[in-house]
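Subject: Structure handover

Hi,

Here is the structure I promised to pass on to you. Please open it alongside this email, and my notes follow underneath.

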Amino acid sequence: MERRDFIHQALIGLAGTVTATAVSKHAFASVPEPIYQPSAGTAPPWRGPETEGPEARYRPVVTLNGWTLPYRMNEGVKEFHLVAEPVVREMSPGFKVNMWGYNGQSPGPTIEVVEGDRVRIFVTNRLPEKTTIHWHGQRLPNGMDGVSGLNQPPIPVGKTFVYEFVAKRPGTFMYHPHADEMTQMAMGMMGFWVTHPKAQHPNISVVDRDYCLLLNAFDVEPGSKTPKVNTMLDFNIWAFNSRVYPGISPMVAKLGDRVRIRVGNLTMTNHPFHVHGIEFEVTGTDGGPVPVAARWPEVTQDIAVGQMRQIEFIADEPGDWAVHCHKSHHTMGAMGHDVPTMIGINHQGLVGRIQKVVPEYMVMGERGMYDMKEMEMELPPNTIPMMTGTGPYGPIGMGGMFTTLKVREDVKPDDYSDPGWYKQPVGSQAYEYRGSLPPVNRESAATSGATTGTPTDNGNAQVRKPNSSNNSSHKH
């Protein structure tokens, strides 16, 4: 189903248009024009009077493969317009998925405000069912919390509701539906919200680069275009901001920059978020900034379901550094979970006979999975390889929740363009050893006392098990 047909069918039966009766009495009848972003690239930082010049109040964030939603001022209130609707997200070049999102994208656009701002968000429902928005982690009036049936009636199809509150505390938050969330969140309805401090905060550093990314999981069968919403754990598409590597932009930093990465998790499982080449500190959670005295250095931070973690570091090592989820299946593509283990099985003589029955059969896993990185397999339409992505030295062999942190000495401030691949200085790259190797004598090593095992008939060490004499002193 193409994008036009998917969206058209989803909109059949809309119950009406935006009317004044659907708008909160506390809002003005004039609804701000909705802004859309058709590109799946990384938009530059938001530019406006609050982010530039002597009156600048904050440094804007950069949402990886996303954008910040513009607002209008209306008698001192910042007004935004979110449109919940079916969208088609290109997760990687040529791989398009039918999703639900906001303003043409999944995730929806990032909302940036300043602590103390009064905000008014118009939410128009162009989905084929009712919805709401919950402002995850925010302090606000109970009636603005967005839980269908508990805090408000759901937003009917074709209607617009208004949420209005003061951004009381600085930090990183998320927004997502609390109406049929199993379907709506599984289809990609989520977004970031950033509240910048109104003045210098003792636990919030001034940074040079500030990135946002949401962790996503979808179950899209190869050859299909629409996620299976009933899946609980066995997802096959793992993404940053609904993009999969190599379709994800790199995070770029100038050597010496202080970098902040805000990571939110609205999937069905936890994700150990790992950054190569540096040590970072967790400087914020959904609950607010972490006091300086409570921080410690890390290289991996596990982010549980419904959590946000804000990490910061100094980009003081030049190079192209991997950034990824450390669950191995989460850096794989759509075909990774059902491949049988064939390690050590000799396929010699079998391939030709099998191909007479199954012409497309290929050897998979005889020596492990690494060979598959270089295979040019014919894939079903509209899917991605299990292992993908090519670097300057060949296949990287990871996809999904994977990108790079590119640190360079010559990057200009506010330049987020890809600087290309890093060229290691002479003498600073791993190389092949071409000298002679000592002979391997496993039996000698096993019997010399170098190991705690006992030799077996084939010379391999065996773990010594405790016996009764060794443990007699522990018996009662």
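Below is what turned up, going from strands to ring pairs to cores.

First, the ground rules. This is a predicted model, so local features need pLDDT of at least 70 and side-chain atom pairs count only at pLDDT 80 or more, while totals for chains, interfaces and linings use all residues. Residues are numbered from 1 along each chain as its sequence is written, and side-chain values use heavy atoms, with hydrogens and water left out.

Strands

Helices and strands here are DSSP runs (helices H or I, at least four residues; strands E, at least two), numbered from the N terminus. A good place to begin is β6, residues 118-125. Seven of its eight residues are buried, so the strand is largely enclosed by the rest of the structure. Buried means under 20% relative accessible area, exposed over 50%, and partly exposed in between, with a 1.4 Å probe and protein chains only. Two strands pair if DSSP finds at least two bridges between them. By that rule, β6 runs parallel to β3 (residues 77-92), joined by seven bridges, and antiparallel to β8 (residues 160-166), also through seven bridges. On the β3 side, Lys-78 stands opposite Val-119; in β8, Phe-161 is the bridge partner of Val-123.

Rings and charges

Lys-78 turns up again: its charged end sits over the ring of Tyr-71, 4.9 Å from the centre. The criterion is NZ of Lys or CZ of Arg within 6 Å of the ring centre and within 35 degrees of the ring normal. Lys-406 likewise lies over the face of Trp-421, at 4.3 Å from the ring centre.

The whole structure holds eleven aromatic pairs. Rings of Phe, Tyr and Trp (its six-membered ring) pair if their centres lie within 6.5 Å, and planes under 30 degrees apart count as stacked, over 60 as edge-to-face and the rest as tilted. Tyr-71 belongs to one such pair, with Trp-46: the centres are 5.7 Å apart and the planes at 45°, so the pair is tilted. Trp-46 lies in the loop between α1 (3-11) and β1 (62-63), and Tyr-71 in the loop between β1 and β2 (72-74), so the pair ties together parts 25 residues apart in sequence. Trp-46 is buried at 19% relative accessibility, as is Tyr-71 at 18%.

The rings of Trp-135 and Trp-193 have centres 5.5 Å apart and planes at 70°, so this pair is edge-to-face. Trp-135 is in β7 (residues 134-136) and Trp-193 in β10 (residues 191-196), 58 residues apart. Ring pairs link both of them with Tyr-102, Tyr-163, Phe-165 and Tyr-175 into a cluster.

Cores

A nonpolar core is a set of buried Ala, Val, Leu, Ile, Met, Phe, Trp, Tyr and Cys residues joined through side-chain atoms within 4.5 Å. The largest has 35 residues, of which Leu-213, Ile-261 and Phe-273 touch the most other members. Its largest share, four residues, comes from β11 (residues 209-218). Apart from it lies another core of 34 residues, among them Trp-67, Ala-84, Val-119 and Phe-161.

Cysteines

A search of the whole structure finds zero disulfides (cysteine sulfur pairs within 2.5 Å). Cys-212 is buried, with a relative accessible area of 0%, and Cys-325 is buried at 3%.

Happy browsing!
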